[in-house]
Structures are given as structure tokens and as C-alpha cells.
Amino acid sequence: GRADRIKAYTIATSVFGRDVSFDPHVDSIVRIEAGRLRRTLERYYLTGGQQEPLQLVIPKGSYAPVVIEARAERSDEAVNASSKSALAQGGPVILIEQFEQDGDSAANPNFASGLTRSLAVRLTRFTSMRVYMRWAPAGEADVPQVQPDYILRGSAALTDERLQVETVLIKAGTGQMVWADSYQAKPVMSELFALKSEIADTVARELAQPYGIIFIDKAKDSEGEPPSQLTSYSCVLYFYKYGKTFDRLLVEPVRQCLERTIVADPNYAEAFACLSLVYSNIQRFRHNVVPLDFDPSERALELANHAIELAPNSSWSHYARSVAYWFANDVSASLASLETGRRLNPNDMTILAELGQRYAFLMEWEKAVPLLDEAFARKPAQPGGYRIGMFLYHLAQGRFEHALNEARRVLAPHVLYGHVAVAIAAAELGRRHEDAEAVERILTIDPDYGNRAVADLESRNLHAYLIERILVGLKKAA
């Protein structure tokens, strides 16, 4: 009942003889020895302690031990039940049924089945969900032994004059139609493959992205639940809610929810990635959380690396690592991680927007602007923080009206950078009332920002010319 006393300071002074001036950021003895102890315990339970019914675990980021039940041999029935439970905890399960092909299919008899496969490939790249396929028509054999959350089905009508694809997403438990859309085009035989790919990309982006159709629907299921009672997947959804505006009032309950999740579901890669992003945000937005006895930037990189170990093909894990690298000022490694995430899942518009934002900070406009334009065109519900990249682009070109329009669309009231952007653009345009309001919000969030603006902008790897333009704008502000 005294786990809250097991902190780095207590261990350092009680076990390792350090005096009252001990600082865990300067002296890493506790973190190093805790790491050795974790590895020793892991080796023991893999070798001589394999038969132990109970195991001691020291979760990363904590020094308080946790007692867990060792994995026992289970019957097939128990394993199947456990698997279904894990799927429910780890994210939604999507069952794709073979699309029906209508019309004269003599010229392209396999168009519908090819579209079904393309959809499966693209949805599987979103590793936050589990994707299954049923090749036989609905109601017949070849039914995967899984209880889906959603069923995706559709049809493709192909004639010499017209291609029409209709898709519907149905909630498996209730039969409720969650989403439906149709796509029409004049078929050119030499372009059918490209059309099929384009339709599959569009459906995948609509359904599976963060803040997409499935996210919105699943978020309703946990609406109103206290964070302490959320399931693992609901904790991830809670993170996405926080990530929309970076509300500082949410960061601590989100952090605690995800910390519980990675202990309960140690193979849930997306939870590790999201928790990594939380610690990166604690560093970059100066979020106030309970006192931490470890460096949040080190913890962010450690969690992201572990997420990649768990799921090497998860674009979101590489995204988390890129953010950790960026705020460790390793720009090349950060960009490389983002490019890897982009290759793994070209339909994740968050990664596209993040990459565009990073290139904007570096003033590589020929890369930044097309990426940001595409990300917002394909996903209008993108978090508004990515508007900062386009604000910087217009600011650098002296287009202050355009810069102000972008700044107003940031919509992150608890983070000062949108207000900084509004203050600068409004001051340049002589709009003193709007300028003064933005300055008041900046000072409410960080009264000392004027004294640390240069160091802050440099820590974010902004190009020197952009820092200069921002400082000029801030001096003009009220």
C-alpha cells in the first residue's frame, strides 16, 4: 500500500546513499540500476523461473513492482476466447466480404474480387484495427472464426459505358449502417487498375484514419465513461481526442490511462506509440503533469522504439519515433522515420501533414506545401495545428492576409502557437484588436514567453529566417 513512495529520490537516498541534493536528471544511477534489474528479472523468468506461478515485473517508467500471473497452458477454447477478448481490447475488427460484381463482367470478370483484395491491403496498413476477409458470398462457408465489430461490403457494376462502385459499412452487432458511399467513372480499360487503386485508397482513408468514420463511431461507445474505466482501445481513442486540440486538462488522465494500458496489454503497439507522443507533448508544450522522476524525452523515444519492436509495420509507431527524434534535435533521423511511416501507409494523412509541417519548419517549401495541401484536401478533419506550416509559408512570402487565415484555423486554444501566429499576422495587418486578444491569450498560457521565444523556436528546429520573421512580428504585436 505504499507504492507511491517508490520514487527515484527515495531509492537514491535510501538505497544508494545519495544526499538530499540528489537530482535524477543529473545522476542517472536509479534509472540505470532499474534497467539492469528489469533485464535480470526477464532472464530469470525465461530460464530458471519458467514454472513460477507469479512473476515480479517493474514496468518501464516506474520503479514500483507489479505482481502478475504467469501464462499457463490453456485449452483451445480458452485461447480462442482470450484472442477475441484481445481483439476487442486492441482495436476494432473489420470483416470485408467479397464485393459482388454486377453487369456484363465478360471483359473484366475479376474486377470486384480485385477491389476486395485492394481494400484489404490498404485497411491492413492501419495497424490499429484487425482486418479479416470472407471470400464466399455472405451466408455460405468460408466464414472467419471471429466476431467482427464492422462488416464492409459492396458491389461493382462494370459496363462499357460506366463503372459504379457502392460500399457500405455496417455495425455487426446491430446491423446499423454506419457509412455508405458510391463512386462513378467512365471506364477506360487501360486505366481500370488505377481506378481500382484510387477507389480502395479513398475508402481506406474515409474509414480507417484517426478521426475517420470508425474512430468517430467507436468514440461514441466510450463517451461519458471515466478514464479510469476505459478499455485499452478506448484509451487510445481518448488520446486522439486530446490530440485534436492538445487540451492540457486532458493530458494527465490520458497519460495515466495509457500507462495502465501498456501494463494490461504489453503487446499493444499503438498504445505505446500514443504514450510516446504524450511524453513528447509534455516536453514541447510544457504540459503540467504530476512530477515525473524521469526525462519525458527519453521515455518518449524508449516507448516509440518499443512500439516499433512490437509492430515494425505500424506507420503510427514510426510517427511517434519521428516526433521524439525531432524534439531531441535529431532532424535527419526524425525525417527518415516519417518517410518510413509514409511508405508503410501512404493513406495516413496525419503522417503526410506531419511531414509537410517539418519541411515547412526547415523552409523546404517545394516539399512542404504539396504535402500539406494534399493532407488537408484528403482529410479536412485534420487537427488544426498543422495549419502552422501553411502560416509559416505565407509569412515568409509576406502574404499576411493568407497567413492570418491559416492562423485562425489552428483551433488549439490551450497551445500558444496558434495565438502567436494570429498575433503576428494581425499586427502586420494593423488589426490591433485581434492582435491584442491573441497576445492576452499567449500571456495567459505562458507569461514568460517573450523572454524565451528564441530558445523555444530554436528547440523546434525552425529555420533562422523564420525565427527572425516571427520575432519581428511579435515586436509589432500589442
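**A helix-rich predicted model and its aromatic cluster**

Phe 246 sits in the loop that joins helix 7 to helix 8 (248–264), where helices are DSSP runs of H or I with at least four residues and strands are DSSP runs of E with at least two, both numbered from the N terminus. Although Phe 246 is not a glycine, its phi is positive, about 55°. Its relative accessibility is 16%, so Phe 246 counts as buried; the term buried stands for under 20% relative accessible area, exposed for over 50%, and partly exposed for values in between (1.4 Å probe, protein chains only).

The model is predicted, with pLDDT of at least 70 needed for local features and 80 or more for side-chain atom pairs, while totals for chains, interfaces and linings use all residues. Residues are numbered from 1 along each chain as its sequence is written, and side-chain values use heavy atoms, leaving out hydrogens and water.

As a first orientation, the protein has 20 helices and 8 strands. It contains 478 residues, of which 49% count as buried. Among contacts with a separation of 6 or more, 59% are between residues 24 or more positions apart, a contact being heavy atoms within 4.5 Å. The exposed area is about 23200 Å², with 52% supplied by carbon and sulfur atoms; accessible areas come from the Shrake-Rupley method with a 1.4 Å probe, and for residues only the protein chains shown count as cover.

Aromatic rings offer a good way into the structure. The whole structure holds 14 aromatic pairs, meaning rings of Phe, Tyr and Trp (its six-membered ring) with centres within 6.5 Å; planes under 30 degrees apart are stacked, over 60 edge-to-face, and the rest tilted. One of them joins Phe 215 and Tyr 240 edge-to-face, at 5.8 Å centre to centre and 80° between the planes. Phe 215 belongs to helix 6 (residues 213–221) and Tyr 240 to helix 7 (residues 232–245), so this pair ties together parts 25 residues apart in sequence. Phe 215 is buried at 13% relative accessible area, and Tyr 240 is buried at 6%. Ring pairs also link a cluster whose members include Phe 215, Tyr 240, Phe 246, Trp 316 and Tyr 417.

Next to Trp 316 in numbering comes Ser 315, which is placed in helix 11 (residues 315–326). Ser 315 is buried, with 3% relative accessible area. Apart from neighbours within four places in sequence, its contacts are Arg 125, Gly 341, Leu 344, Asn 345, Asp 348 and Ile 351.

Helix 17 (residues 416–428) has 13 residues and spans 18 Å from first to last C-alpha, close to the 18 Å expected, the expected span being 1.5 Å times one less than the number of residues. Of its 13 residues, 13 are buried. Gly 430, with a positive phi near 75°, follows helix 17.

The strands supply further examples. Thr 167 lies in strand 7 (residues 163–171) and is buried at 1% relative accessibility. Not counting residues up to four places away in sequence, Thr 167 touches eight named partners, among them Phe 99, Arg 153, Trp 179 and Val 203. Leu 56, in strand 1 (residues 54–57), is partly exposed at 40% relative accessibility.

Turning to another loop, Arg 286 lies between helix 9 (269–284) and helix 10 (296–310). Arg 286 has a positive phi near 55° without being a glycine, and its 48% relative accessibility makes it partly exposed.
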